[in-house]
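This briefing walks through selected features of one protein model, moving from a single side chain to the strands around it. Please keep the sequence and the structure in view while reading.

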Amino acid sequence: MGEETKVIVFGLANEEYGIEVEKVRTIERMVPITRVPKTMTFVKGVINLRGVVIPVIDLRGRFGLPETEATESSRIVIVAAGDLEVGFIVDSANDVIDIDSDTIDTPPEVVGGIKAKYLRGVAKVGEDRLLIMLNLSEVLNKSEIIQLEHIEA
């Protein structure tokens, strides 16, 4: 048995994804987002969360999936990327589970239309459930983090 990792499970386009709990600051309901001009299309803008301005990314747009309107179950998952906090818009966030590191396999080249570079792996949970583990450093690659830091300023 490998190491146990606690993971926040969230839904996006009928797939389940995971981010390690220690990288997630908070999960918020949808709030009004202030649009910022001259940003990439998947950067939806910024929110003011308890006095802190946080850039918000639509993960559907980031992964090249069709974007949809927010629903009652849509959430903004606030993650920490270095010193920067960033919000990800997801379809739902409703579970915390333990995953054994031995159950995480290398991702195939494309999973659900998403390039493998954005993924850390695919975890087998139980008999028939797969959880796609995000690679946060690629989802927020260096040049984009620099651009997001300028939004925050």
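Leaving aside its neighbours within four places in sequence, which residues is Arg 75 in contact with? In this predicted model, the residues that Arg 75 touches beyond that sequence window are Ile 27, Glu 28, Arg 29 and Met 30, together with Phe 88, Ile 89, Val 90 and Ala 93.

**Arg 75 and its surroundings**

- Arg 75 belongs to strand β6, which covers residues 75-81.
- Although Arg 75 is buried, it has no salt bridge, and the nearest side chain of opposite charge, that of Glu 72, is 5.8 Å away; since a salt bridge requires the side-chain nitrogen to lie within 4 Å of a carboxyl oxygen, that separation does not qualify.
- Glu 72 nevertheless offers a backbone partner, with its backbone oxygen 3.0 Å from a polar atom of the Arg 75 side chain.

**The five-stranded sheet**

- Strand β6 is one of five strands in an open sheet with mixed pairing, in which the order of strands is β3-β6-β7-β5-β4.
- Because β3 (24-29) and β4 (43-49) each have a single partner strand, they stand at the edges of the sheet, and one side of each is left without a neighbour there.
- On average, and with direction ignored, neighbouring strands of this sheet are turned by 30 degrees against each other.
- Within the sheet, strand β5 (residues 52-58) pairs with strand β7 (residues 84-90) in the parallel sense over three bridges, and Ile 57 stands opposite Phe 88 of β7, while Phe 88 is also among the residues in contact with Arg 75.

**Strands β1, β2 and β13**

- Strand β1 (residues 4-12) and strand β2 (residues 15-20) run antiparallel and are joined by six bridges, with Ile 8 standing opposite Ile 19 in β2.
- The hairpin that these two strands form has two residues between the strands, and Ala 13 takes a positive phi near 50 degrees in it.
- Strand β2 is also joined, by two bridges, to strand β13 (residues 129-134), with which it runs parallel; here the bridge partner of Tyr 17 is Ile 132 in β13.

**Asn 14 in the hairpin loop**

- Asn 14 lies in the loop between β1 and β2, and it counts as exposed because its relative accessible area is 83%.
- Asn 14 and Asp 91 are 77 residues apart in sequence, yet their C-alpha atoms are 8.8 Å apart in space.

Note on methods:
Residues are numbered from 1 along each chain as its sequence is written. This is a predicted model: local features need pLDDT of at least 70, side-chain atom pairs count only at pLDDT 80 or more; totals for chains, interfaces and linings use all residues. Side-chain values use heavy atoms; hydrogens and water are left out. Two strands pair if DSSP finds at least two bridges between them. Helices (H or I, at least four residues) and strands (E, at least two) are DSSP runs, numbered from the N terminus. Axes are lines fitted to C-alpha atoms, for helices over the stretch in contact, and angles run from 0 to 180 degrees between N-to-C directions. Buried means under 20% relative accessible area, exposed over 50%, partly exposed in between (1.4 Å probe, protein chains only). Lys and Arg count as positive and Asp and Glu as negative; His and the chain ends are not counted. A polar contact is a pair of N or O atoms within 3.5 Å; within protein, one must be able to donate a hydrogen and the other to accept it, and residues adjacent in sequence count only if both atoms are side-chain atoms. Contact means heavy atoms within 4.5 Å.
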